[in-house]
Amino acid sequence: MEHRGYRSCWRWLGLALAAGLFLWWLGYFFGIDREVTVSGRDLDGDGVLETYVLKGRILTVSEEDKLIWESPSDWKVEDFLIADVTNDGQEELVMTVWVRGRFGKHRPFWVSGDDGKWWNHLYLYRLVGNQMKPVWMSSGLERPVLELEAGDVDGNKALEMIVTESRYRWLSCSLRRFPLGRERSVWRWNGWGFSRL
Ligand SMILES: [Ca+2]
Ligand SMILES: [Ca+2]
Ligand SMILES: [Ca+2]
């Protein structure tokens with residue numbers, strides 16, 4: 001009898017361990033635990049530093065604990081960076097964002113409808129007097145961008161964007177860390193958009 005009790009105890013322990021591992025796996029691939037904070041930036045140059053927090057796929061910007069901007073509720077923000085990616089001396093907020101529809105709200109006049117699918121877009125914003133103003137917004141990208149970095153890759157004293165792209169797949173707007181099909185590329189601002197080098 002005692003023997004059987006031990007056995008069932010081990011069985012429950014094994015099941016609990018398996019369930020824990022499964023939940024960890026889910027959290028890892030869906031990026032549930034991901035939180036990114038960037039502080040000490042002053043994009044609008046008003047002398048008050050901003051804090052940028054990406055949590056639960058919502059990006060918030062605050063100045064001294066006062067919320068000044070929040071990403072729209074129909075966006076899922078994948079990643080962001082703050083850098084002068086246009087190399088004009090002023091920093092921008094660059095975001096990779098999942099939005100339903102290839103063209104979002106900025107549909108060209110010759111497109112009458114949109115497909116309603118989740119597409120990944122790249123958005124460039126500038127903070128002007130506590131207002132986030134769009135500078136440039138892409139339509140749905142050919143490949144979704146999961147991570148953004150900036151750096152002077154070729155040493156010409158101008159910044160480039162180093163981008164980690166993936167592929168569209170089922171649930172691709174949720175599977176943030178799916179390891180297959182990832183590729184890094186370098187993009188440069190050309191005055192009207194980004195060119196892949
Ligand atoms: Ca500021
Ligand atoms: Ca700039
Ligand atoms: Ca460069």
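This is a chat between a student and a tutor about a predicted model of a protein chain with two calcium ions.

Student: Okay, where do we start? How many helices and strands are there in the protein chain?

Tutor: There are one helix and twelve strands. Keep in mind that this is a predicted model. Going along the sequence, the pattern is α-β-β-β-β-β-β-β-β-β-β-β-β.

Student: And how much of the protein chain is buried?

Tutor: Buried residues make up 40% of its 197 residues. As for contacts between residues at least 6 apart in sequence, 43% of them join residues at least 24 apart.

Student: Let's do the metals. Which residues coordinate the calcium ion (ligand 1)?

Tutor: Asp-42, Asp-44, Asp-46 and Glu-63 do so, along with Val-48 and Glu-50. Val-48 uses its O atom, while the Asp residues use OD and the Glu residues use OE. The distances run from 2.2 to 2.3 Å.

Student: How are those donors spaced in sequence?

Tutor: The spacing for the calcium ion (ligand 1) is D-x1-D-x1-D-x1-V-x1-E-x12-E.

Student: And why is the arrangement around the calcium ion (ligand 1) octahedral?

Tutor: It's because of the angles: the six donor atoms subtend 79 to 172° at the ion, and that makes the arrangement octahedral. For background, the ideal angles for six octahedral donors are 90 or 180 degrees.

Student: What about Asp-44, buried or exposed?

Tutor: Asp-44 counts as buried, because its relative accessibility is 18% and the cut-off for buried is under 20%. Asp-42 comes out as partly exposed, at 24% relative accessible area.

Student: Now the other ion. What are the protein donors of the calcium ion (ligand 2)?

Tutor: They are Asp-84 (OD), Thr-86 (OG1), Asp-88 (OD), Gln-90 (O) and two OE atoms of Glu-92. These donors lie 2.0 to 2.7 Å from the ion. Along the chain they follow the spacing D-x1-T-x1-D-x1-Q-x1-E.

Student: What do the angles make of the arrangement around the calcium ion (ligand 2)?

Tutor: They make it irregular, because the six donor atoms subtend angles of 53 to 176°. An octahedral call needs opposite donors over 155 degrees apart and all others between 65 and 115, so the 53° angle rules it out.

Student: And Thr-86, is that buried or exposed?

Tutor: Thr-86 is buried, with a relative accessible area of 12%. Asp-88, another donor of this ion, is partly exposed at 45%.

Student: Switching to strands. How do strand E1 and E2 pair?

Tutor: Strand E1, residues 35-41, pairs with E2 in the antiparallel sense over six bridges. Arg-41 stands opposite Glu-50 in E2, and Glu-50 is also one of the donors of the calcium ion (ligand 1).

Student: What about E2 and E3?

Tutor: They pair in the antiparallel sense too, over six bridges. Lys-55 has Ile-58 in E3 as its bridge partner. The hairpin has two residues between the strands, and Gly-56 takes a positive phi near 60° there.

Student: Which residues have the most contacts inside the largest nonpolar core?

Tutor: Those are Tyr-52, Leu-59, Trp-75, Leu-93 and Met-95, in a core of 19 residues. Strands E2, E3, E4, E5, E6 and E7 each supply at least two residues of this core. E6 gives the most, with four residues.

Student: So what does Leu-93 touch?

Tutor: Leaving aside neighbours within four places in sequence, Leu-93 is in contact with residues including Leu-43, Tyr-52, Leu-59, Trp-69, Phe-80 and Met-132. There's also a second, separate core of 15 residues, which includes Leu-122, Met-161, Val-163 and Trp-189.

Student: Back to E6. How many of its residues are buried?

Tutor: Eight of its nine residues are buried. E6 pairs in the antiparallel sense with E5 over seven bridges, and with E7 over eight bridges. Leu-81 has Val-94 in E6 as its bridge partner, while Thr-96 stands opposite Leu-122 in E7.

Student: Last one: where does Arg-143 lie?

Tutor: Arg-143 lies in the loop between strand E8 (131-137) and strand E9 (145-151). Its side chain joins that of Glu-183 through a polar contact of 3.4 Å. Among the other residues Arg-143 touches are Asn-120, Glu-165 and Tyr-168.

Key. Residues numbered from 1 in each chain as written. Chains lettered and ligands numbered in written order. Predicted model: local features only at pLDDT ≥ 70, side-chain atom pairs only at ≥ 80, totals over all residues. Heavy atoms only, no water. Donors = N, O, S within 2.8 Å, 3.2 Å for Na, K, Ca; no water. Tetrahedral: all angles 85-135°; square planar, octahedral: opposite > 155°, others 65-115°. Buried < 20%, exposed > 50% of the residue type's maximum accessible area, 1.4 Å probe, protein only. Polar contact = N/O pair within 3.5 Å; in protein donor to acceptor, adjacent residues only side chain to side chain. Contact = heavy atoms within 4.5 Å. Core = buried A, V, L, I, M, F, W, Y, C linked by side-chain atoms within 4.5 Å. Pairing = 2+ DSSP bridges.
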